[in-house]
Amino acid sequence: MTPSVLAGLVGATLVGLGLYGLILHPHPLRKLLAFNLMGSGVFLVFGIVARRGAAAGFRFDPVPQAMVITGIVVAFAASALAVALILRLSEESSRVTLDPEAWTKPDSGDAK
Amino acid sequence: MTAELGTATPGGYLLVLAILLPLAGIILSFTPGGRNAERAALCSTPFGFALACAIAFHVGQGGKPIVYAIGGLPPPLGIALRADGISAVMLIAAAAIVTAAAFYARTKFATPDGIRESRSALTFWILLQAIWAALIIIFVGGDLFNLYVALEILTFAAVPLVCIDGRAETLAAALRYLLFALFGSISYLLGVALFYGAHGTLDISLLAQRVQATPVVWTAAALMTAGLLAKTALFPVHLWLPPAHANAPAAASAVLSGLVVKGSFFLTLRLWFYVLPALPTDKIAAVLGWLGSAAVIMGSIVALRQARLKLLIAYSTVAQIGYLFLVFPLAAGAHAWSAIGWSAGLMQVLAHAFAKAAMFFSAGLLAEALGHDQIARLGGAARALPLTFLSIALGGLSLIGLPPSGGFSAKWLMLQASIASGQWLWSLPILAGSLLAAGYVYRILAPALSDGEVSLELRPKRSHEMIALALTAIAIALGFAPQTFFDFLEIGHPVAAGPP
């Protein structure tokens with residue numbers, strides 16, 4: 001097994017584990033961590049994709065690396081936004097839950 | 001055909017201006033802050049509308065897409081911006097609805113007197129312009145990774161708009177929206193990585209020449225589609241949409257429901273009709289069609305059972321999004337009926353965008369005037385607010401698909417395409433959806449037109465009612481679109497260029 005194949009498989013495993021966590025864990029913070037795990041898997045796949053450049057005489061193809069940097073920035077911004085929302089939610093109410101049933105009161109028709 | 005796609009054409013600079021205008025507005029809003037954010041948004045949106053019209057004029061006059069290579073570097077090295085028929089039309093629709101939303105939101109998000117800067121007002125005006133900028137990049141972007149970044153800007157601008165009033169309920173809705181969107185973005189990104197790994201380019205037209213029906217291309221396309229569906233809120237990943245759209249302020253709901261979900265749908269169209277037109281996509285088109293049909297039926301039935309007007313309209317969005325996905329079985333391939341299916345899909349995008357924005361505007365006026373939006377307590381409201389209910393009724397007309405309206409044209413063309421292609425099964429969800437839509441529009445109008453006394457807390461401004469009415473007028477006027485309009489939508493559409 002070459003290092004590229006191994007890294008690719010690890011990337012796929014990370015994406016799979018992250019997806020499992022994102023779907024099954026009820027708490028938003030755990031979901032967010034699972035999303036970051038998925039992100040790491042995708043960035044690893046990008047790393048392997050950069051190996052294609054070796055065929056053209058370069059050591060690495062720089063384009064996927066540029067994409068990974070952009071991807072990391074985006075994922076970081078997304079995580080920051082999600083954490084901010086989770087913190088505000090825990091300030092505003094005692095429970096941090098995504099369950100929509102928790103927010104529907106029988107007389108919640110007053111529009112704000 | 002393809003050699004000139006990478007090189008700049010006359011009028012290409014307009015695409016750069018179209019992107020720079022809202023971004024300049026955002027920077028101007030941030031730096032001086034305060035009331036200047038509102039001024040920047042109100043000044044830039046009408047200009048953007050004029051710019052979108054100029055782009056459409058150039059595309060129509062040349063009869064081919066206009067292209068701009070950023071930095072003078074043509075793809076695959078650089079990134080190209082392209083505007084074809086559907087981009088030009090979507091640019092105009094986006095500019096029109098964002099302009100309407102900006103003028104509608106002027107009173108609710110005005111900075112109060114005596115304060116230099118209010119947080120919710122500043123946030124609203126910046127996010128509104130950010131959504132608009134992201135949509136423009138999505139409509140003219142020619143590179144799949146560039147489009148990923150635009151999709152993320154769209155999400156990050158749309159999510160905080162949902163929870164701008166800071167109630168726990170809206171924060172939970174925004175968080176759900178964000179988590180669904182994050183799954184969507186990472187799945188899309190993995191697809192992009194696989195495309196680049198397999199073919200070494202992400203430029204849409206170059207990729208279209210290189211793709212073959214290999215497992216890696218199918219996997220990449222499946223991942224990207226799954227991600228885009230989560231962001232478009234197609235059944236069964238629609239769960240985030242109703243609470244998010246129903247809890248946002250009315251001006252934001254209109255933009256979210258009318259435009260933001262169309263952004264990711266537009267990318268799904270780009271993927272299957274522009275990147276992968278050469279592949280045999282019948283089975284996948286059928287799967288998307290079935291999901292769309294399920295969305296039409298489920299969304300409409302759940303809409304029928306809602307007690308609150310804004311939630312009803314939000315579930316109606318779920319149903320109307322379902323119609324959009326019928327374009328895949330009806331327009332795939334290079335058949336005689338494909339052009340009809342294609343026109344139908346785009347007409348549905350436009351008609352729903354205008355009708356739904358107008359309905360959310362009206363629902364917002366209604367909720368402010370009555371202090372609630374319980375459908376059961378609307379008795380006699382139509383007598384007190386005739387213009388508001390006229391907009392709701394005319395918007396509903398287009399959602400049901402009664403002639404003459406854009407919704408009618410869209411559904412009629414879809415029926416034509418399904419009969420002409422022999423796939424008559426698709427006509428069942430189209431007709432059933434219309435029947436159910438008639439049911440939920442009746443549920444709003446029947447109590448409102450009945451006898452009863454309502455006490456108005458606040459009389460809505462005439463100008464706000466006129467904004468909603470103007471948008472419904474556009475939704476109705478789309479029903480009279482001439483053949484030249486449908487020919488315009490075909491500009492740059494690869495399938496139509498192929499042999500019949």
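A residue counts as buried here if 20 or more other C-beta atoms lie within 10 Å of its own. By that yardstick A233(B) is buried, because 29 C-beta neighbours fall inside 10 Å. The model in which this residue sits is a predicted one, and A233(B) makes a handy way into it.

A233(B) is found in the loop between α8 and α9 of chain B. Its phi is near 65°, which is a positive value in a residue other than glycine. Further along comes a cis peptide bond, running from F235(B) to P236(B) with omega near 0°. P236(B) belongs to the loop between α8 and α9 of chain B, and so does V237(B), with α8 covering residues 215-232. V237(B) has 18 other C-beta atoms within 10 Å, so it comes out as partly exposed; a residue in this class falls between the cut-offs of 12 or fewer for exposed and 20 or more for buried. Leaving aside residues up to four places away in sequence, V237(B) touches F180(B), L229(B) and A230(B). There is also a longer link to look at: A295(B) is 58 residues from V237(B) along the chain, yet 9.8 Å separates their C-alpha atoms.

Now for chain B as a whole. It contains 21 helices and 2 strands. Its radius of gyration is 22 Å, close to the 23 Å that the globule rule gives for 500 residues, so chain B is as compact as a globular protein of that length. Taken along the principal axes, its C-alpha atoms fill a box of roughly 65 × 55 × 40 Å. Of its 500 residues, 63% count as buried. As for contacts between residues at least 6 apart in sequence, 80% of those in chain B join residues at least 24 apart.

The two strands of chain B go together. β1 (residues 66-69) and β2(B) pair in the antiparallel sense over 4 bridges, and within that pairing A69(B) stands opposite A80(B) in β2(B). β2 itself spans residues 80-83, with A80(B) and R82(B) pointing one way, L81(B) and A83(B) pointing the other way, and all of them buried. The loop between β1 and β2 of chain B holds P76(B). A cis peptide bond joins P75(B) to P76(B), with omega at about 10°.

Among the helices of chain B, α12 is worth a look. Helix α12 covers residues 309-324, which makes 16 residues, and it reaches 23 Å from its first C-alpha to its last, close to the 22 Å expected at 1.5 Å a residue. All of it is tucked away: 16 of the 16 residues of α12(B) are buried, so the helix is largely enclosed by the rest of the structure.

Chain B is split into domain 1, made of 1-176 + 235-262, and domain 2, made of 290-500. The centres of these two domains of chain B, taken over C-alpha atoms, are 22 Å apart. Where they meet, domain 1 of chain B puts in 30 residues and domain 2 of chain B puts in 35 residues. On the domain 1 side of this contact, at least two residues each come from α2 (35-62), α3 (85-104), α9 (241-247) and α10 (250-275) of chain B. Sorted by class, that side of domain 1 of chain B has 18 nonpolar, 9 polar and 3 charged residues.

That leaves chain A and its meeting with chain B. Chain A has 3 helices and 0 strands, and reads α-α-α along the sequence. It has 112 residues, of which 33% count as buried. For contacts in chain A between residues at least 6 apart in sequence, 49% join residues at least 24 apart.

In the contact between the chains, 34 residues of chain A meet 34 residues of chain B. The side of chain A that touches chain B takes at least two residues from each of α1 (3-24), α2 (28-49) and α3 (62-92) of chain A. α3(A) gives the most to that side, with 14 residues. By class, the side of chain A that touches chain B has 23 nonpolar, 5 polar and 6 charged residues.

Note on methods
Residues numbered from 1 in each chain as written. Chains lettered and ligands numbered in written order. Predicted model: local features only at pLDDT ≥ 70, side-chain atom pairs only at ≥ 80, totals over all residues. Domains from an automatic or database assignment. Contact = placed C-beta atoms within 7 Å. Nonpolar A, V, L, I, M, F, W, Y, C, P; charged D, E, K, R; others polar. Expected span 1.5 Å × (residues − 1). Rg over C-alpha atoms; globule rule 2.2 N^0.38 Å. Pairing = 2+ DSSP bridges.
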